[in-house]
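Keep the sequence and the 3D view side by side for this walk-through. We begin at one loop residue and work outward from there.

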Amino acid sequence: MDTEIIKIILAFVVLINPFAALTLFLDLTRGYSMIDRRKVARIACLTIFITISFFTVAGEVLLKALGISIGSFQLAGGILVFLISLNMMNGEGNPAKPDQENFDVEYDKHAPPSTASAVVPLAIPMMIGPGGISTVIIYSSQISGILRVSAVIVAGLLISLFCYLALMAAGRISRLLGDTGLNIMSRIMGMLLAAVAIEIIVNGLRTLFPDLI
């Protein structure tokens, strides 16, 4: 597999990080039947896939329409991703995503199941936020050809399926890992994300200052 595609998959895994959304998913679907929980998880993960696919295809076009150079966006996006990684390693979560405490999830056992929350806030911005979207645009701007673009979209599909499996196993994962286990996993992903961020920043500097680097 192409090295760039491996980097993209790694970035998707640590940025989307479905484990960070497990508690919110359980709160949003409290009292739901298994069928309704699957529907919420399916809609959320489909939203993630559509978001990745859209910005993979249209990301560079949007940058050109706004008059933003690839190098500038790489540098800005890399800094954003690096700040996210620092917060994850410090146990402060992702600053580009909302804290779950900010969501006041009211449970009404008499209310019919709703899937409205599957898109917002579960999929966007809880699972794929500004950092994830920026990374998709950055990597899509570095590739060319139908095969490579298709590979990124396939990577997005695989990550979406992974998120679906994680959400469907949310109860078991939360009981198995607990708060401590989820916190440790977040810190490890933060370290991996820092490496991805440095790579993005270096590429941005190389694009902006080709004679210096």
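Start at Asn 17, which counts as buried because its relative accessibility is 8%. The cut-off for buried is under 20%. This is a predicted model, so read each value below as computed from predicted coordinates. Asn 17 sits in the loop between helix 1 and helix 2. Its backbone deserves a look. Phi of Asn 17 is near 40°, a positive value in a residue that is not glycine.

Now step back to the whole chain. What secondary structure does the protein have? There are eight helices and zero strands. Along the sequence the pattern reads α-α-α-α-α-α-α-α. Of the 213 residues in the protein, 42% are buried. The protein exposes about 11,000 Å². Carbon and sulfur atoms supply 66% of that area. Contacts reach far along the sequence. Take those between residues at least 6 apart: 88% of them join residues at least 24 apart.

Phe 12 leads into the interior. Among residues over four places away in sequence, Phe 12 touches Asn 17, the loop residue we began with. Phe 12 also touches Ile 52, Val 136, Val 152, Ala 155, Gly 156 and Ile 159. Phe 12 belongs to the largest nonpolar core, a set of 50 residues. Which residues have the most contacts inside this core? They are Phe 12, Ile 16, Ile 48, Leu 122, Met 127 and Leu 167. The core draws on many parts of the chain. Helix 1 (3–16), helix 2 (22–28), helix 3, helix 4 (70–89), helix 5 (119–127), helix 6, helix 7 and helix 8 each give at least two residues to it.

Helix 7 is worth tracing from end to end. It covers residues 146–168, 23 residues in total. From first C-alpha to last, helix 7 reaches 33 Å. That is close to the 33 Å expected at 1.5 Å a residue. Which of its residues are buried? The list is Val 152, Ala 155, Gly 156, Ile 159, Ser 160, Cys 163, Ala 166 and Leu 167. Four names here recur from the contacts of Phe 12: Val 152, Ala 155, Gly 156 and Ile 159.

Helix 5 has two unusual peptide bonds to check. The bond from Val 120 to Pro 121 is cis, with omega near 15°. Pro 121 has its place in helix 5. A cis peptide bond also joins Ile 124 and Pro 125, with omega about 5°. Pro 125 lies in helix 5 too.

Next, the charged pairs. How many salt bridges does a search of the whole structure find? It finds two. One joins Arg 30 and Asp 27, with the closest N and O atoms 3.5 Å apart. Arg 30 counts as partly exposed because its relative accessibility is 36%. Asp 27 is partly exposed as well, with a relative accessible area of 27%.

The other salt bridge joins Lys 64 and Glu 60, with the closest N and O atoms 3.8 Å apart. Where do these two sit relative to each other? They are four residues apart in helix 3, so about one helical turn separates them. Lys 64 is exposed, at a relative accessible area of 62%. Glu 60 counts as partly exposed, at 27% relative accessibility.

Glu 60 also has partners farther along the chain. Helix 3, its home, spans residues 34–66. Beyond four places in sequence, Glu 60 is in contact with Ile 70, Ser 140 and Ser 141. Glu 60 and Ser 140 are 80 residues apart in sequence, yet their C-alpha atoms are 7.1 Å apart in space. Ser 141 lies in helix 6 (residues 130–142). Is Ser 141 buried or exposed? Ser 141 counts as buried because its relative accessibility is 14%. Outside its sequence neighbours, Ser 141 touches Glu 60 and Ile 70.

Finish at the surface. Leu 10, Ile 184, Ile 188 and Leu 192 form a nonpolar patch there. Together they have about 330 Å² of accessible area. Helix 8 (residues 170–208) gives the most to this patch, with three residues. Leu 192 lies in helix 8. At a relative accessible area of 38%, Leu 192 is partly exposed.

Definitions and conventions. Residues are numbered from 1 along each chain as its sequence is written. This is a predicted model: local features need pLDDT of at least 70, side-chain atom pairs count only at pLDDT 80 or more; totals for chains, interfaces and linings use all residues. Side-chain values use heavy atoms; hydrogens and water are left out. Contact means heavy atoms within 4.5 Å. The expected span of a helix is 1.5 Å times one less than its number of residues. Buried means under 20% relative accessible area, exposed over 50%, partly exposed in between (1.4 Å probe, protein chains only). Accessible areas come from the Shrake-Rupley method with a 1.4 Å probe; for residues, only the protein chains shown count as cover. A salt bridge is a side-chain nitrogen of Lys or Arg within 4 Å of a carboxyl oxygen of Asp or Glu. Patches are made of residues with over 30% relative accessible area and no salt bridge: like charges are joined within 9 Å, nonpolar side chains (Val, Leu, Ile, Met, Phe, Trp, Tyr) within 5 Å. A nonpolar core is a set of buried Ala, Val, Leu, Ile, Met, Phe, Trp, Tyr and Cys residues joined through side-chain atoms within 4.5 Å.
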